[in-house]
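Got the model open in your viewer? Here is a tour, one selection at a time.

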Amino acid sequence: MTTIGPRMEGGSPSNAAPRTIKVWDPIVRIFHWTIVVACTLNLFILEEGKYWHRVTGYVVAAAIIVRLIWGFVGTKHARFSDFLPTPARVKKQIRGIMTRNESRYIGHNPLASILMLVLIGLLAATALTGWMTTLDAFWGEKWLEQLHGTIANSIMVLVFIHACAAVVESWRHRENLVWSMVTGRKKV
């Protein structure tokens, strides 16, 4: 987990272009935006249980598999080892936020890492329960359909928290984090 010491006020002169560094590789960015589009489609646009809803779920499952593999063999900031949210790292970040002496993280910060890993787990559970509803053994099982819907609604809540956190952190750190997931670059 790469940090850049306590947050510095001021920064570079207004006439100098800020230096950037490549952080998010194309696989991480494609995964992120695939999940954004898929969740938007399946939660708000496509009809539940119909063909395109299921296809979108399979795309999510494939994206998760790719991302899990990339979490072990990918670029530095894509690897789970770079952002594993240990209790010590989480405590350090919370202490830093509370004392206004927070370290800046180039990749995922510990709290964002927790949210990201929970979201991946919930996405996998949604894909699994959705697939299970198509099997003869579980056909028409209301408990499974309810579980699938509950997990999907949980994703919706966490995505809202994630989006709000990205906006707040962009403001706090004076850096457009959403744009960095488009370009792959963040300020040094």
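Start by selecting R174, in the loop between α6 and α7. Keep in mind that this is a predicted model. R174 has a positive phi of about 55°, although it is not a glycine. Its side is open, too: R174 counts as exposed, at 54% relative accessibility.

Stay in that loop and pick E175, then add R104. The two form a salt bridge, with the closest N and O atoms 2.8 Å apart. E175 sits in the loop between α6 and α7 while R104 is in strand β3, so the pair ties together parts that are 71 residues apart in sequence. Are these partners buried or exposed? Both E175 and R104 are buried.

Next, hop to R100, in the loop between α4 (87-99) and β3 (103-105). Here is another positive phi outside glycine, with R100 near 55°. R100 counts as exposed, at 79% relative accessibility.

Now for more salt bridges; a search of the whole structure turns up five. Select E169 and R172, whose closest N and O atoms are 2.7 Å apart. Both lie in helix α6, three residues apart, which is about one turn of the helix. E169 is buried, with a relative accessible area of 15%. Add E102 to the selection: salt bridges that share partners join E102, E169 and R172 into one network.

Slide along to K142 and E145, also both in helix α6 and three residues apart. Their side chains meet in a salt bridge of 3.5 Å, N to O. K142 is exposed, with a relative accessible area of 56%, whereas E145 counts as partly exposed at 35%.

Time for the rings. How many aromatic pairs does a search of the whole structure find? It finds four. Show F72 and F80 for an edge-to-face pair, 5.3 Å centre to centre with 75° between the planes. The two partners sit in contrasting surroundings: F72 counts as exposed at 61% relative accessibility, but F80 counts as buried at 13%. For another edge-to-face pair, display F138 and W143, 6.2 Å centre to centre and 80° between the planes. Both F138, at 24% relative accessibility, and W143, at 44%, count as partly exposed. Then go back and add F83, since ring pairs link F72, F80 and F83 into a cluster.

Head inside next. Select F31, I35, V60, I64, L123 and I155: of the 18 residues in the largest nonpolar core, these touch the most other members. Colour by helix and you'll see that α1, α2 (51-73), α3 (80-83), α5 (110-132) and α6 (142-173) each supply at least two residues of this core. Which of them gives the most? That's α5, with six residues.

Back out to the surface: pick W33, V36, V37, V178, W179 and V182. Together they form a nonpolar patch with about 510 Å² of accessible area. The elements giving two or more residues to the patch are α1 (26-45) and α7 (177-183). Zoom in on W179, which lies in helix α7 and is exposed, with a relative accessible area of 51%.

To finish, select residues 23-184, which UniProt lists, in an unreviewed entry, as "domain: Cytochrome b561 bacterial/Ni-hydrogenase". The end C-alpha atoms of this span lie 6 Å apart, and the span is 75% helix and 2% strand.

Terms used. Residues numbered from 1 in each chain as written. Predicted model: local features only at pLDDT ≥ 70, side-chain atom pairs only at ≥ 80, totals over all residues. Heavy atoms only, no water. Patch = residues over 30% accessible without salt bridge, like charges linked within 9 Å, V, L, I, M, F, W, Y side chains within 5 Å. Areas by Shrake-Rupley, 256 points an atom, 1.4 Å probe, with all protein chains shown as cover. Salt bridge = Lys/Arg side-chain N within 4 Å of Asp/Glu carboxyl O. Helix = DSSP H or I, 4+ residues; strand = E, 2+ residues; numbered from the N terminus. Buried < 20%, exposed > 50% of the residue type's maximum accessible area, 1.4 Å probe, protein only. Phe/Tyr/Trp six-rings, centres within 6.5 Å; stacked < 30°, edge-to-face > 60°. UniProt positions renumbered as here; feature names shortened; annotations may be inferred. Core = buried A, V, L, I, M, F, W, Y, C linked by side-chain atoms within 4.5 Å.
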